[in-house]
Amino acid sequence: MEFAERLKTLRKQVKLTQAQIAEKLNISQQAYASWERGVKKPSKEKVKQLEQILDVPIGYFTEPEIVRLYNTLSGEGK
């Protein structure tokens, strides 16, 4: 799943509007919407803020899914 799709899905799961997240990030709703449409990508700092706002692990948007899955394994599973 691409960044834009993941972002939109998570936002809907936590029941926040684009405007609410944009306000928390101190950006315009239009700028945020461009991320969800895949037109633009946020800076690394904004990605970190998004992970906090959406309550997901650090690296959720930046690590490939296989790495995230690997990191959830126990020591024996690795």
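Here is a walk through this structure, from its overall layout to a few of its packing details.

Let's start with the whole. The model is a predicted one, and its secondary structure consists of five helices and zero strands. Reading along the sequence therefore gives the pattern α-α-α-α-α. The protein has 78 residues, of which 33% count as buried. Contacts also reach along the chain: if you take those between residues at least 6 apart in sequence, 44% join residues at least 24 apart.

A good place to step inside is helix H3, which spans residues 29-36. Five of its residues, Tyr 32, Ala 33, Ser 34, Trp 35 and Glu 36, are buried. What do the buried residues of H3 pack against? Their partners are H1, H2 and H4. Just beyond the helix, you will find that H3 is followed by Gly 38, which has a positive phi near 80°.

Take the H1 side of H3 next. The axes of H1 and H3 are 7 Å apart, and the two helices pack at an angle of about 120°. That angle makes H1 oblique to H3. On the H1 side, the residues that meet H3 are Phe 3, Ala 4, Leu 7, Lys 8 and Arg 11. Their counterparts in H3 are Tyr 32, Trp 35 and Glu 36. Sorted by class, this contact of H1 with H3 holds five nonpolar, no polar and three charged residues. If you are following the side chains on screen, a general point about helices helps: an α-helix has 3.6 residues a turn, so residues three or four places apart point the same way.

Now look across to Gln 18, which is placed in helix H2. Is Gln 18 buried or exposed? Its relative accessibility is 18%, so Gln 18 counts as buried, the cut-off for buried being under 20%. Leaving aside residues up to four places away in sequence, Gln 18 touches Arg 11, Gln 29, Tyr 32, Ala 33 and Glu 36. Of these, Tyr 32, Ala 33 and Glu 36 are among the buried residues of H3, while Arg 11 belongs to the H1 side of the contact with H3.

Helix H2 (residues 18-25) also packs on helix H4 (residues 44-53), at an angle of about 120° and with the axes 10 Å apart. This makes H2 oblique to H4, and the crossing of the two is right-handed. From H2, the contact is made by Ile 21, Lys 24 and Leu 25, and from H4 by Lys 46, Gln 49, Leu 50 and Ile 53. Four of the residues in this contact of H2 with H4 are nonpolar, one is polar and two are charged.

The last stop is the aromatic rings. How many aromatic pairs are there? The count comes to three. In general, a pair of aromatic rings is described by the distance of the centres and the angle of the planes. For Phe 3 and Phe 61, those values are 5.0 Å centre to centre and 65° between the planes, an edge-to-face pair. Phe 3 lies in helix H1 (residues 3-13) and Phe 61 in the loop between H4 and helix H5 (65-72), so the pair ties together parts that are 58 residues apart in sequence. Both Phe 3 and Phe 61 are buried. Tyr 60 joins them too, as ring pairs link Phe 3, Tyr 60 and Phe 61 into a cluster. Phe 3 thus appears in this cluster and also among the H1 residues that meet H3.

Note on methods
Residues are numbered from 1 along each chain as its sequence is written. This is a predicted model: local features need pLDDT of at least 70, side-chain atom pairs count only at pLDDT 80 or more; totals for chains, interfaces and linings use all residues. Side-chain values use heavy atoms; hydrogens and water are left out. Axes are lines fitted to C-alpha atoms, for helices over the stretch in contact, and angles run from 0 to 180 degrees between N-to-C directions. Helices (H or I, at least four residues) and strands (E, at least two) are DSSP runs, numbered from the N terminus. Angles under 35 degrees count as roughly parallel, over 145 as roughly antiparallel, 65 to 115 as roughly perpendicular and the rest as oblique. A crossing is left-handed if the near helix is turned anticlockwise from the far one by less than a right angle, and right-handed if clockwise. Contact means heavy atoms within 4.5 Å. Ala, Val, Leu, Ile, Met, Phe, Trp, Tyr, Cys and Pro count as nonpolar, Asp, Glu, Lys and Arg as charged, and the others, Gly among them, as polar. Rings of Phe, Tyr and Trp (its six-membered ring) pair if their centres lie within 6.5 Å; planes under 30 degrees apart count as stacked, over 60 as edge-to-face and the rest as tilted. Buried means under 20% relative accessible area, exposed over 50%, partly exposed in between (1.4 Å probe, protein chains only).
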